[in-house]
Amino acid sequence: MVGVVNYFREIAQGLYTLMVGMAVTFRNLFLPAVTVRYPHETLQMTPRFRGPAELIRDGETGQPHCVVCMMCQRACPSRCIAVEGEKPEGGKRKVPTKFILDFTTCSLCGLCVESCKFDAIRFSKVYNLASTRKEDFILDLLNPKATRGASCS
Amino acid sequence: MSVDATTIQGETFVVNMGPQHPATHGVLRIKLTMDGEYIMNAEPVIGYSHRMQEKMAENRTYSQYFANIGRIDYVGAMIYNFGYACAVERLAGIPVPERAEYIRVITSELNRIASHLLWFGPFIIDLGGLTPLLYAFDDREGILNLLESVSGARLTFSYFRFGGVCNDIDDDFVAGCRAFISRMRERLTLYRRLVTDNIIFRKRVEGIGVIPPEICRKYGATGPVLRGSGVAYDVRKDEPYSIYPLLDFDIPVFGECDSMARYRVRMEEMNQSLRMIEQALDKLPSGPFMAEKVPRILKPPKGDCYFNVEGARGSFGIRIVSDGTEIPYRLKLRTPCFANLSLFEEASRGMLLADSLALLGSLDLCIPDVDR
Amino acid sequence: MDFVQVLRDEFMGRFGERLRIEDVDHAKRGCHLDITASGVDIEEAASVMDGLGFTLEAISGIDWPAEEAMELVYDFNKMAEGGRIAIRVRVSRERPEIASISKIYGGANWYEREAHEMFGIVFSGHPNLTPLVLPEDATFHPLRKDFSA
Amino acid sequence: MTELLSIEPIRMLVFLVGTILFVALNAAYLTLLERKESSWFQRRLGPTEVGPWGLLQPIADGIKLAGKQVIVPDGVDKILFVLSPIMVSVPVIMNLATIPFSDTLVARNIDLGLLMILSFTSFNVMGIMFGGWASRNKYSVISAARVVAQNVAYEIPMFLIAISLVMVTHTFDLRETVLLQTGGFWNWNLFKLGVSPLMPAACLLFFVCLLAETNRSPFDMMEAESELIAGAITEYSGMGFGLFFISEYANIVVGSCLVTILFLGGWNCPFGLYPGLHWFFVKMYGIIFVVIWIRWSFPRIQFYGLLNLSWKILIPLSLAHLLLTCVMVKIW
């Protein structure tokens, strides 16, 4: 007799747990969607978000603070930064002529930003870089607009 | 319901589960020799996402290697940063200020909850339930936003530095954590009602994938797999590091050794992590978040040391052999998933195909963690 | 830590002077006992540890070209009481050969295959000593110091 | 217009085109309902891009599927491979011939309607088996074996309950069974406790067997994504896959119509006011809503769990219900 009671009790218990599970999904039926419709609405990145690096420019003159001291190039574990510069005759400090960041191998570890003594490089807030060609991710930081395919808004 | 190998006759056929298969999260191939739906022998073939992390460590300075450590088990990257930072601090003898220890524990426990949520979703999908994943990822998003606001990255945080953390946490991070904790507790009851009590789920996992403690000991399995087999070993309690001795939390241990026990260990661990974060937030001291004089190029003294930390999947150990220069002489990574997967061959003999998925899912593997 | 004492007597009784047991501060080096056991049969030592209920956590190989030796560090851990023992064994560099303990510890199977493919150490008695993570036909040993890509 | 309809061939032609249209549109818009409903449960948006609120999405899917090339892999048993999608979808469309949507709107109301529907539902399992066997893929063979065992195990309780209902209504004719249930919901078979107090339990059993017959979760053994990738239909592409898809949703429609007719009183209004086609559709789509709701709430059952459930629980209960109905019918 006990077996029969257990038999029906287990069925009843099983049905009850199924109903409780369905009640949970039913309650979620009326709650609003939590997803963001990406192409139409975009998310706002937090201030400390780490996008591809960019040069900090002086307010008025628009010249980058970088003095081509190569500290960031040496600190980078995956050797993605290539900097060249020369000293103009009149001026007293070097000016960068080429500043290439190979974003395909950059692992966003932040060592370049930390090792820069002249506060010349920081992380940008760009997060939707998209392109079909690898070359578009070799970013030229001196004239950022030049990057063709990568649509960095 | 497993049949041992001797009673199976008839000709067997070999099926390749993987390397591209919905149930192997990551690139893992398992050669199954099967008789009908019973598995005679399951041999995991690994190495598809092998990147030679240990060789990379031998041509990078200590601080340059931080980016790699987060990419070994990218689901629990903060805890791996914790392990590496503490290993080098133990080797080089760098003191860590009080506030940095608290920040490290808070962010690591948040990352452990995110890692368990990312295990919970795909595990239920392996068993056929498609909705719990969306709820779990909704909660996980809350954690990722918190950690992104403090460290800048969402998955592979390179947030720790030798001697502390790279930037401080502010008040709205603390407020965000408290709001998350209260919301998460009520969400855990939702998961209990939707999945844990569900009779179909119970029938799918109870008594399936039994791993006796003896096999765990022979294969060196650690973490929730070990605690699901009745052995109360947790690195945070048995070899305490950082400020875990000051926090009051207990270790969930279930003795049934089956997939359900491992499931309940992880769900209970989320609760414990919430408790720990709450206590750490209450006792958060003010003060520096980074040790003052840490040399830019670190040259630890000659010698070797071993440090292990309780990762989301088991005890993650690092053995660093230093020869005095700024580049480590040898860096051995003892990863938990490597050991947990090695027992799959013995544990899944004679099981059904569908049940072996429940076992594989309950081991919570992260394949790059296996291959390194 | 009574099992440390038990272990010390067991090892001293069985191997005597052929190994050096060194008490180590766990906070500094991460293990309680550091045993260098070069002349000792590793299978016997492993069966002693297995008898005492230890778990094999890891086998890590280290290449010392300067001293013409390869070092193998066996990390054992007593799960319930949280005691950690490291056994170091040195093997010659030209012909690195050692007994395999995969019969005693199932987990050692994969560690030994990995040490074999990374350092070229041959584990005699190992059921299937083929590369584990490297491609099947790999004959190079990347983690040796004289390896050039 | 109506006398035109009375000419038999034109009437048949109109009903044939109507049924095909009904099946095609239903298959298309049920996929949209499934995707939308699953997105509501999971608090996301579902298809919204194609057409207003994603309404043109099924049309786009249909065109894409029709446009895709039907690849027949080599080494495959060609005849069976091509035949099986047809064998799966034709019986389901023929089922709709005898389902009375309203008292006049029925293609061919034969007096053995229920028997025909039940026999045809057991026919399409052969299509899936041949498909799984013919596509020479290990996972498909496993899934084909599973589907046969599952359908055999779940047809028995389904037929037992159908027989116990036929004892109550004394007829196989579906239109007759609905006419017997006219008047308020207390006349529906579901609430005819006088005949057998276990009637709601029988309705639940019938519904569970319907889920298992159409391979819907939690019994989707055929297409168990995480284990057998796509089961018997892995090798199919283009319209081959499309036909399997149409037959799955048409099966659900036929199953829900059966439950509506046998238990919920077809086109009768719950309060006996204006019976008609609309009430039939309200009940049918209500049941389809519950079928989709179940899919997105539960994990999948094990294969031997599925067989245990049928042989140990469903069949004994349906036999007990059959016995009870006999006794009650004999006494009253």
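1. A residue counts as buried here if 20 or more other C-beta atoms lie within 10 Å of its own. Keep that cut-off in mind for helix α4 of chain C, where twelve of the twelve residues are buried, so the helix is largely enclosed by the rest of the structure. One caution before going on: this is a predicted model.

2. Let's stay with that helix for a moment. α4(C) covers residues 108–119, and its first and last C-alpha atoms are 16 Å apart, close to the 16 Å expected at 1.5 Å a residue. If you want to find its buried residues on screen, they include C:Trp110, C:Tyr111, C:His116 and C:Phe119. Charged names turn up in that list too, among them C:Glu112, C:Arg113 and C:Glu117. Right after the helix comes C:Gly120, which has a positive phi, near 85°.

3. What do the buried residues of α4(C) pack against? Part of the answer lies in another chain: α12 (336–342) of chain B. The rest comes from chain C, namely β3 (55–64), β4 (69–78) and β7 (122–124).

4. Now for the sheet in chain C. It is an open one of five strands, ordered β1-β2-β5-β4-β3, and the pairing is mixed. At the edges sit β1 (20–23) and β3, each of which pairs on one side only. On average, neighbouring strands are turned by 20° against each other, direction ignored. α4(C) packs on this sheet, where it touches β3 and β4 of chain C, and its direction makes about 10° with that of β3(C).

5. One strand pair in chain C is worth picking out. Strands β2 (residues 33–36) and β5 (residues 83–92) run parallel and are joined by four bridges. To locate the pair, look for C:Asp34, whose bridge partner in β5(C) is C:Ala86.

6. Which chains share the most contacts? Four pairs of chains touch, and the most contacts are between chains B and C. This interface brings 30 residues of chain B into contact with 25 residues of chain C. On the chain B side, the elements giving two or more residues are α1 (53–57), α8 (213–219), β6 (303–310), β7 (315–322), β8 (330–334) and α12. That side of chain B divides into twelve nonpolar, five polar and 13 charged residues.

7. The contact between chains A and B takes 19 residues from chain A and 20 residues from chain B. Helix α1 (residues 2–29) of chain A gives the most to its own side, with seven residues. By type, the chain A side splits into ten nonpolar, seven polar and two charged residues.

8. Some pairs don't meet. No contact joins chain A and chain C, and their closest C-alpha atoms lie 17 Å apart. Chains C and D don't touch either, with their nearest C-alpha atoms 26 Å apart.

9. Chain B mixes both kinds of element, with 15 helices and eight strands. Its radius of gyration is 21 Å, close to the 21 Å that the globule rule gives for 372 residues, so chain B is as compact as a globular protein of that length. Along the principal axes, its C-alpha trace spans about 70 × 45 × 30 Å. Of its 372 residues, 57% count as buried. Among the chain B contacts with a separation of 6 or more, 72% are accounted for by residues 24 or more positions apart.

10. Chain D is built from 13 helices and zero strands. A compact globule of 332 residues would have a radius of gyration near 20 Å, and chain D agrees, at 20 Å. Its C-alpha atoms fill a box of roughly 65 × 55 × 45 Å along the principal axes. In this chain, 45% of the 332 residues count as buried. Residues 24 or more positions apart make up 77% of the chain D contacts with a separation of 6 or more.

11. A last stop in chain D is helix α11 (residues 239–264). At 1.5 Å a residue its 26 residues should span 38 Å, and the end C-alpha atoms are 35 Å apart, which agrees. Is α11(D) largely enclosed or not? Since 24 of its 26 residues are buried, the helix is largely enclosed by the rest of the structure. After α11(D) comes D:Gly265, with a positive phi near 70°.

Methods: Residues numbered from 1 in each chain as written. Chains lettered and ligands numbered in written order. Predicted model: local features only at pLDDT ≥ 70, side-chain atom pairs only at ≥ 80, totals over all residues. Expected span 1.5 Å × (residues − 1). Contact = placed C-beta atoms within 7 Å. Nonpolar A, V, L, I, M, F, W, Y, C, P; charged D, E, K, R; others polar. Rg over C-alpha atoms; globule rule 2.2 N^0.38 Å. Pairing = 2+ DSSP bridges. Axes fitted to C-alpha atoms, helices over the stretch in contact; angles between N-to-C directions.
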